[in-house]
Amino acid sequence: MKILVTGTAGFIGSFLAERLIARGDEVVGLDSINDYYDVNVKYGRLERAGIAVDKLEYNVVVQSEKFPNYKFVQMNLEDKENIDALFKAEKFDKVCNLAAQAGVRYSLINPQAYVNANIVGFVNILEACRHNEIAHLAYASSSSVYGLNESMPFSTSDNIDHPVSLYAASKKANELMAHTYSHLFGLPTTGLRFFTVYGPWGRPDMALFLFTKAILEGKPIDVFNYGKMKRDFTYVDDIVEGVIRVIDNPPKGREDWSGTKPDPSCSKAPYKVYNIGNSSPVLLMDFIAAIENAIGKKAEKNMLPLQPGDVPATWADVTDLVEDLGYKPDTSIEEGVGKFVKWYREFYNI
């Protein structure tokens, strides 16, 4: 297949592109390469896939020097004219949209960035898929859509009407917009609610990266909600395996779906939403202990209250993922954190 993967200078997107390339798909990667976090990490991910950073230029397709079936273009999702031109020129079979303005806390500071990339940009992707006969659009949603929901584990059949950040609201909006296009135009769409993804080449704004850096530098770490947080940490390889299975299995719509008792996770239209998580929440203090053990050094902890936009716990119900696609993430926190710390030391030569 020929697949467009947006967000390929990003964490999950870079791993997904390489897995698709390795199995023989033709992949076009796209990313805005914004400076929300250290662009050197983004450049490193691209270079790993054979994309020469010195050849990068906006709206110029760069061929990988490592993989003949991979090329990359720097482009903003909100650039409708060039997005449309790219779709017409490349004639994709499927699309996986992972590009987005990420981060919960940053959405309190720069809301416009989320509207531009996550709302306007996503409409552009939907429109391009609609007009270019795309067989399946898979796209990143987020566990943050569950917001104030305290029913555990989080189920895709739960109500998600109470987000606590603009980031979460933008992701819920993506799901609603996708359903509209599935319903009106028969475009198969699948939303993927990721649960706290971590691993090598991870985002520098995430807890694992921040904690590892601080501990190695002998600086205190900020522990929010006084450590009484739980997260369904999911290793990046597990996430990518789930995404690939989703890409390969477009939804067909449920004939038994009823508008009198509407299940928000599916529809009569070719629309589906999945949780992808480990389904085994880890206490924040246990997560920190795993980092301390991997590094061989104790952390100095600065205990703080819950931050605006954060939720105290996440826990994925992955029943549908198991039943529909025969898959459940299972990498342990000790194994995953150990691999990240090893990568971090090598990347930063520590």
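**Exercise 1. Is strand β4 (residues 70-74) enclosed or open?** How many of the residues of strand β4 are buried?

*Solution.* The model is predicted.
- Step 1: set the cut-off. Buried means under 20% relative accessible area.
- Step 2: count. In β4, 5 of the 5 residues are buried, so the strand is largely enclosed by the rest of the structure.
- Step 3: split the strand by face. In a regular strand the side chains alternate between the two faces of the sheet. One side of β4 carries Tyr70, Phe72 and Gln74. The other side carries Lys71 and Val73. Both faces are covered.

**Exercise 2. Find the pairing partners of β4.** In which sense does β4 pair with β2, and in which with β3?

*Solution.* Strands of a sheet pair through backbone hydrogen bonds, either parallel or antiparallel.
- Step 1: take strand β2 (residues 26-31). Its pairing with β4 is parallel, with 5 bridges. Within this pair, Leu30 has Val73 as its bridge partner.
- Step 2: take strand β3 (residues 61-63). Its pairing with β4 is antiparallel, with 3 bridges. Here Gln63 is opposite Lys71.
- Step 3: check the connection. β3 and β4 make a hairpin, and 6 residues lie between them.

**Exercise 3. Place β4 in the whole sheet, then add the helices.** Which strands are the edge strands?

*Solution.*
- Step 1: write the order. The open sheet has 8 strands, β3-β4-β2-β1-β5-β6-β7-β12, with mixed pairing.
- Step 2: read off the edges. β3 and β12 each pair on one side only, which makes them the edge strands.
- Step 3: add the twist. From one strand to the next, the average is 20°.
- Step 4: look at one further pair. β1 (residues 2-6) and β5 (residues 94-97) are parallel over 4 bridges. Val5 is opposite Cys96 there.
- Step 5: lay on the helices. Helix α1 (residues 11-22) crosses β1, β2, β4, β5 and β7, at about 165° to β1. Helix α5 (residues 166-185) crosses β6, β7 and β12, at about 155° to β6.

**Exercise 4. Survey the empty space.** How many cavities of 30 Å³ or more are there, and what is the volume of the largest?

*Solution.* Rolling a probe the size of a water molecule over the atoms shows where empty space is left.
- Step 1: count the cavities. There are 3 of 30 Å³ or more.
- Step 2: size the largest cavity. Its volume is about 50 Å³.
- Step 3: trace its lining. Among the lining residues are Phe11, Tyr198, Arg203, Met206 and Phe340. β8 (197-198) and α6 (207-216) are the elements giving two or more residues to this lining.
- Step 4: classify. The lining of the largest cavity has 7 nonpolar, 2 polar and 1 charged residues.
- Step 5: turn to the second largest pocket. Its volume is about 410 Å³. Of 26 lining residues, Arg254, Cys266, Lys272, Tyr274 and Asp324 are the closest to its centre.
- Step 6: assign this pocket's lining. α9 gives the most, with 6 residues. β12 (271-276) supplies at least two. The classes are 9 nonpolar, 9 polar and 8 charged.

**Exercise 5. Describe the surroundings of Arg345.** Is Arg345 buried, partly exposed or exposed?

*Solution.*
- Step 1: locate Arg345. It sits in helix α10 (residues 333-347).
- Step 2: classify. The relative accessible area of Arg345 is 27%, so Arg345 is partly exposed.
- Step 3: list contacts. Beyond its neighbours within four places in sequence, Arg345 touches Leu216, Ile295 and Ile350.
- Step 4: check a long-range pair. Arg345 and Lys213 are 132 residues apart along the chain, yet 9.6 Å separates their C-alpha atoms.

Notes: Residues numbered from 1 in each chain as written. Predicted model: local features only at pLDDT ≥ 70, side-chain atom pairs only at ≥ 80, totals over all residues. Heavy atoms only, no water. 1 Å grid on protein atoms, 1.4 Å probe; cavity = no way out; pocket = protein on both sides within 12 Å on 5 of 7 lines; lining within 4 Å. Points joined across faces, edges and corners; volume = space filled by probe spheres on them. Nonpolar A, V, L, I, M, F, W, Y, C, P; charged D, E, K, R; others polar. Buried < 20%, exposed > 50% of the residue type's maximum accessible area, 1.4 Å probe, protein only. Pairing = 2+ DSSP bridges. Contact = heavy atoms within 4.5 Å. Axes fitted to C-alpha atoms, helices over the stretch in contact; angles between N-to-C directions.
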